[in-house]
Structures are given as structure tokens and as C-alpha cells.
Amino acid sequence: MNLNKRLVIIGGGPAGNAAATSAARKGVEVIVVEREIVGGAAHLLDCVPSKTMIATGGAMSFTESLSGMGLSNRDAEIDVNALTDRIEGIKNRLSNDMTSLLQSQGVTIIRGSARLLNANTVHVDASDGTTHQIQADDILISTGTRPRIPQFAQPDGDRILTTRDCYPPRIFPESVTIIGSGVTGVEFAHMFASFGSKVTLVVSRQQVLPGKDPEVAAVLEENFLSRGVRLYKGARATNIERTEHGVRVVCDDGRVSETTHAVLAIGSIPNTEDLGLEEVGIEMDGGYIVINRHCQSSVEHIYAAGDVSGKLPLSSVASMQGKKVAEQVVGGPRGPHRHLDYDKAASAIFTEPEIADVGLAEAEAFASGRKIRVTKVPFATTAKALINNDSRGFVKIISDPATGEVLGGSIVGRHAAELISVIALAVTANLKVSDIEESLLVHPALAEALSEAAE
Ligand SMILES: Cc1cc2nc3c(=O)[nH]c(=O)nc-3n(C[C@H](O)[C@H](O)[C@H](O)COP(=O)(O)OP(=O)(O)OC[C@H]3O[C@@H](n4cnc5c(N)ncnc54)[C@H](O)[C@@H]3O)c2cc1C
């Protein structure tokens, strides 16, 4: 089916690719313009390599617990070249798979940099030196973000690093100061600590992971302290300078951290400059594109999805937004559908222990005065935790005391990122705790803690 409609997508990350495959399947002619790597800069330069390194670091930590599994301890050593090959292999495999998928759906991929010439024309400076002006019925801006650099820091790719400078991992820092203790900061602190670096984490508030459940943050802090990670709580970095053998990070409370390296993990800024957005009348807010619930910008046929939309900066959210764009391009969703509810997005933090949550948080309910029922079950109650020789962590389910509806939950512990799917499904489908309790789950499995928490 050909709808005689052309969608031009600027940016081939999770948002752009999901929109492209979905729209192409619906009969739309799709052109994706990508200036770097199909699969997305953030997805393939941030998310996947960081998780790959964390997985290797986790395998190293695992070897330390082998004696508890009835095996002799063996020390693992890092092979930097093998790890680099592993990261590159995964990155290329994912990018090639995505390219093949797009091509198999008939999507045209142009390598190059794009911008709007007017509301229906996209100008492309292709990487082969040619230029193109492409007419479009609909346009999607999905250009992602890049690391934010504070005024007081000058990343040099050597000692003062952004998160993207950390891979491929040429060396592992002997010691590192990480500035920022949000999701990215704590993941990098965990990653470097797993590889034996001496880590200092600059935490601007009184807890790591500001905004997260304090009980969850406390478990992570305890783990960091037990591994020798120094926490500079209530401190903001105000200066970073090179020293003879490393860096010196100065904080506003007078504390100083001298380490061989520093990593900036203080958020991202949107790639929306020089795209001609304001010129065609697109409303912006702090560099992000303002969108409605259909991901339409203030110019109806120009959409924004993914991190540039200033909603939740998650790959999963970007992909879902991309699919919603494809639906809208063909005239709106067919049949029963749900609007994208950002409050119901599950997210995970790949630390030790792993952390995941979804939906309403206890503190949020408390602040709004909403009555909730909270049940918490430690994994230690399950046989699987004993079998795994890892009894850390818990499952927490938050429900409506009157109706039993599942409103949210958090999980701390092994496989938290996988297990949260059960609560995420319950939250999205408005299921009740009794639906989880009555599901016949596997034994022995950590998921049994979910059934117990739902009782
Ligand atoms: C360190 C780190 C770890 C992360 N880990 C996770 C995680 O574990 N799970 C998770 O869900 N999310 C994670 N994220 C967030 C996730 O990577 C982003 O939410 C996601 O990649 C956003 O997708 P996107 O499509 O909006 O943009 P991107 O993935 O950034 O893709 C945008 C693309 O647009 C291209 N582009 C930009 N401008 C132009 C132009 N003018 N012309 C042509 N092409 C252009 C870029 O080259 C890029 O490929 C992480 C982020 C960081 C920084």
C-alpha cells in the first residue's frame, strides 16, 4: 500500500528508527538522514557501550563471589583490547542490523547532516559531498542530545572527560572524580569502581539519585561506601584544572578531589541549533522542541520525538514516541489505543545492586496526600536468592488501598531491570495486585517476591 506521502526524518536514533520502520510498514515513503551512525549517537555511543562495560565489570565482581558458589576463587584481569573489540562488535552489529531492517522496509537512508529550509523542505549536506533538497509532507526531528559541558570545565579527551570520552576504554583511571550523581553519574561510578579505580562522586544534594526513593538511594550509597567510593555530599564542583599528574576538582564547600581523571556527568543539551526550527515557527523551550501528546510541534506536520522533545530521556520512550509519530502521520491510531503516558515509563539504573522503578513513587504520593498501600518483600525470602548466593535487595509494590490497582513499584537487586516489567505491565494495563498474586509464576525465581509483595 502506497499512501503517496513522504516522511523525512532527521536523526536515526531510537526515535527516528522506530518512526521510520513503523511509518514504512503503514505505506509511507520514508527518508532517514543520519550524520553519524544509524542506531543513534546516544544509543550506540552512550547507552550500549556503557552497559557493555558495566556488564564486563559485573562479571569481574562475580568472580570475587565464586567461593560462595562452591568454586575456587579466580582473579579476573581486564584485557582492554578485548573489551574494546567487544564494545565495537556490539555497536557495529546493532547498527548494521538496524540499517538492514530499515532497508528491508524500503526506507531510504542518506548519510549527512540535515536542516529545514522551510516547513516542507529539508536541506541535506550529504557525507559524499553532494547536497539535496527534499520535499516532505511530514518531518520528524529526532536529533537527540549531547553531553552538557559546564563553563568551569574544558574536556580534553585525556584527563577531563565527558561520558562519551570513556570508551573505547584506552586505559582505566587509577582514580577518578565523577561530577554528577544522577543516573549516568552513579552508573559510571559503579563501572569504574568495578574495574578497580578509586572513585570520588560529587553529589550536589544530600543523596545520590536526587528525586528517587530515598530508601533505594540509601541501598546504593551503602554499596558505594562498602566498595570505598568517596561521596562528597552537598557539594557542587566549581572548578576543574589539570595538575602535573591528573586533575584537581574544587567544590563550593571547600572540599577538593585530586584524582588522575575527572568525568562530567551533569546532563545533556539538545541538538536543535542550526536546524532552522525557529525560522519556520516551531515553539521551543530551553532548546527543546515543545510537543503535544501526538508528538506534533507547534507546526502541525513537523514532529519531534526522543530526547529533543524534553520528555523522559530514555531509549524506550524515544522509540514509543517514534511509533506514535508514525500513527499520526497516517491520520491517527486505528482501533483501541493508549496515549503515551510518561508517568508510566519503567526505568533502570545499572549499578550494583541494580535498581528499577515505574509509576507512582512513595514520596510523590506522600507529597500529594494520596492514600497508598506499600508492600515490601526482601529477595532473601526466596529460594532463588539463596541459590544465587545473593540475597540483597527487595521488591516494593505501591497500590490503591481502596481498589487494589497497582500504581507503581521499585525493585532493588539482581535482574531488577527485567523484573520491573511485571509491575510496568500492571501499571500500564491498570491491573490489580490480585492479578499479580494470582499469576502462576515460576519456582524457584526471584519473581516470587513479586507475588508475595502483591498478597
Ligand atoms: C551515558 C548514557 C547512558 C544511557 N543509558 C540508557 C539506558 O540504559 N537506557 C535507556 O533507555 N536510555 C539510556 N540513555 C538515554 C538514551 O541513550 C537516549 O534517551 C536515546 O538515545 C534518545 O534517542 P534519540 O532518538 O532521541 O536520539 P539519539 O540516540 O541521540 O539519536 C539522534 C541521532 O540524530 C543524529 N543527528 C543529530 N543532528 C543531526 C542532523 N542535523 N542531521 C542528521 N543527523 C543528525 C545524531 O547523529 C544521532 O545519531 C543513556 C544516555 C546516556 C548519555
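1. In this predicted model, five strands form an open sheet in the order β20-β21-β24-β23-β22, and their pairing is antiparallel. The edge positions are taken by β20 and β22 (373-378); each has a single partner strand, so one side of each has no neighbour in the sheet. From one strand to the next, the twist averages 15°.

2. Within this sheet, β20 and β21 run antiparallel and are joined by three bridges. As one point of reference for inspecting the pairing, S347 has D357 in β21 as its bridge partner.

3. The loop between β20 (347-349) and β21 (355-359) contains P353. The peptide bond joining E352 and P353 is cis, with omega at about 0°. A second cis peptide bond joins H443 and P444, where omega is about -10°. P444 belongs to the loop between α10 (433-437) and α11 (448-453). These assignments merit mention because most peptide bonds are trans.

4. Helix α1 spans residues 14-25, twelve residues in total. The distance from its first C-alpha to its last is 17 Å, close to the 16 Å expected at 1.5 Å a residue. Just after α1, G27 adopts a positive phi of about 95°.

5. Is α1 enclosed or open to its surroundings? Eleven of its twelve residues are buried, and the helix is therefore largely enclosed by the rest of the structure. The buried residues are P14, A15, G16, N17, A18, A19, A20, T21, S22, A23 and A24. The elements covering them include the strands β1 (6-10), β2 (29-34) and β6 (138-141). The helices α2 (41-64), α3 (80-104) and α6 (315-329) are also among the covering elements.

6. The ligand is surrounded by 37 residues, of which the closest are G11, G13, G40, G144 and G306. At least two residues of this shell come from each of α1, β2, α2, β3 (108-118) and α6. Helix α2 provides the largest share, seven residues. Thus α1, β2, α2 and α6 each supply at least two residues of the shell, and β2, α2 and α6 are among the elements that cover the buried residues of α1.

7. By residue class, the shell around the ligand consists of 13 nonpolar, 17 polar and seven charged residues.

8. Two residues deserve a check of their backbone angles, because most residues other than glycine have a negative phi. N4, which is not a glycine, has a positive phi of about 60°, and is located in the segment before β1. C295, also a residue other than glycine, has a positive phi near 70°. It is C295 that lies in the loop between β18 (288-289) and β19 (302-304).

9. Which of these environments is buried and which is exposed? N4 has 8 other C-beta atoms within 10 Å and is therefore exposed, the limit for that class being 12 or fewer. For C295, 28 other C-beta atoms lie within 10 Å, so C295 is buried; that class begins at 20. The two positive phi values, about 60° for N4 and near 70° for C295, thus occur in an exposed residue and a buried residue, respectively.

How values were computed:
Residues are numbered from 1 along each chain as its sequence is written. This is a predicted model: local features need pLDDT of at least 70, side-chain atom pairs count only at pLDDT 80 or more; totals for chains, interfaces and linings use all residues. Helices (H or I, at least four residues) and strands (E, at least two) are DSSP runs, numbered from the N terminus. The expected span of a helix is 1.5 Å times one less than its number of residues. Two residues are in contact if their C-beta atoms, placed from the backbone, lie within 7 Å. A residue is near a molecule or strand if its C-beta atom, placed from the backbone, lies within 6 Å of it. Ala, Val, Leu, Ile, Met, Phe, Trp, Tyr, Cys and Pro count as nonpolar, Asp, Glu, Lys and Arg as charged, and the others, Gly among them, as polar. Two strands pair if DSSP finds at least two bridges between them. Axes are lines fitted to C-alpha atoms, for helices over the stretch in contact, and angles run from 0 to 180 degrees between N-to-C directions.
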